[in-house]
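These are my notebook entries on how the strands pair, where the aromatic rings meet and which charged side chains come together. I went through the structure one topic at a time.

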Amino acid sequence: MEHTTGDHNEIRQWAEARGGVPMIIDHPVARADKIGIRIDFPGESHEVLMSETRATSWDEFFRVLDDQRLLLSYDDDPSVDDPTEWYRFERRDAPPDIEGQES
């Protein structure tokens with residue numbers, strides 16, 4: 001089941017229960033005015049992405065999450081093996097994604 005939250009404790013508990021640690025993405029070309037965040041899980045092997053990330057504290061991770069007005073959408077029981085498919089970040093002010101809605 002998918003959940004969406006900005007609650008720091010819920011995010012941290014979900015990530016740590018799966019071995020996740022907070023990371024900062026330092027990519028000087030992409031979004032030069034913003035830094036990115038991600039959660040690194042054991043078994044990930046994205047060498048290019050890993051070369052652009054650094055470990056960070058949960059405090060810094062949540063500071064970026066809040067500054068960029070992000071929420072975490074996550075699957076509480078992921079059925080896929082790839083940890084990058086377990087979650088995604090969404091903008092807090094983004095319109096809801098309603099299936100079948102015409103644009």
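**Entry 1: the open sheet.** I began with the sheet of 3 strands, which is open and has the order β3-β2-β4, with antiparallel pairing. Its edge strands are β3 (36-40) and β4 (53-55), each of which pairs on one side only. From one strand to the next I noted an average twist of 35°. Since this is a predicted model, I treat every value in these entries as computed from that model.

I then looked at how β2 meets one of its neighbours. Strand β2 (residues 21-25) pairs with β4 over 3 bridges in the antiparallel sense, and within this pairing Met23 has Ala55 of β4 as its bridge partner. Helix α3 (residues 58-67) packs on this sheet and touches β2, β3 and β4, with its direction at about 55° to that of β2.

**Entry 2: the pairings of β5.** Next I followed strand β5 (residues 70-75), which is joined to strand β1 (residues 2-5) by 4 bridges, the two running antiparallel. Which residue of β5 is the bridge partner of Thr5? I found that it is Leu72. β5 is also joined to strand β6 (residues 87-91), here by 5 bridges and again with the strands antiparallel. In that pairing I located Ser73 opposite Arg88 of β6. As a reminder to myself when reading along any of these strands, side chains in a regular strand alternate between the two faces of the sheet.

**Entry 3: aromatic rings.** I counted aromatic pairs and arrived at 10. I looked up Trp14 and Tyr74, whose ring centres lie 5.0 Å apart with the planes at 40°; an angle that is neither under 30 nor over 60 degrees counts as tilted, so I recorded the pair as tilted. Because Trp14 belongs to helix α1 (residues 8-17) and Tyr74 to strand β5, the pair ties together parts that are 60 residues apart in sequence.

Are these two side chains buried or exposed? Trp14 has a relative accessible area of 4% and is therefore buried, and Tyr74, with a relative accessible area of 6%, is buried as well.

Within helix α3 I looked at Trp58 and Phe61, an edge-to-face aromatic pair with 5.2 Å from centre to centre and 80° between the planes. The two residues are 3 apart in helix α3, so about one helical turn separates them, and both are buried. I also noted that Trp58 and Phe61 belong to one aromatic cluster together with Trp14, Phe41, Phe62, Tyr74, Trp86, Tyr87 and Phe89.

**Entry 4: salt bridges.** Side chains of opposite charge can pair when their charged atoms come close. How many salt bridges does a search of the whole structure find? The search gave me 7.

I first took Arg12 and Glu16, which form a salt bridge with their closest N and O atoms 3.1 Å apart. Both lie in helix α1, 4 residues apart, which is about one turn of the helix. Arg12 has a relative accessibility of 37% and so counts as partly exposed, as does Glu16 at 41%.

I then turned to Arg92 and Asp66, whose side chains meet in a salt bridge at 2.9 Å, N to O. This pair links distant parts of the chain, Arg92 being in the segment after β6 and Asp66 in helix α3, 26 residues apart. Arg92 counts as partly exposed at 31% relative accessibility, and Asp66 is likewise partly exposed, with a relative accessible area of 31%.

The side chains of Arg91 and Asp93 also meet in a salt bridge, at 3.6 Å from N to O. Arg91, with a relative accessible area of 36%, is partly exposed, whereas Asp93 is exposed, with a relative accessible area of 51%; the cut-off for exposed is over 50%, so I entered Asp93 under that heading.

Last, I looked for charged residues joined in a network, and found Glu2, Arg88 and Glu90 linked by salt bridges. Arg88 had already come up in Entry 2, as the residue of β6 that stands opposite Ser73.

Terms used: Residues numbered from 1 in each chain as written. Predicted model: local features only at pLDDT ≥ 70, side-chain atom pairs only at ≥ 80, totals over all residues. Heavy atoms only, no water. Pairing = 2+ DSSP bridges. Axes fitted to C-alpha atoms, helices over the stretch in contact; angles between N-to-C directions. Contact = heavy atoms within 4.5 Å. Phe/Tyr/Trp six-rings, centres within 6.5 Å; stacked < 30°, edge-to-face > 60°. Buried < 20%, exposed > 50% of the residue type's maximum accessible area, 1.4 Å probe, protein only. Salt bridge = Lys/Arg side-chain N within 4 Å of Asp/Glu carboxyl O.
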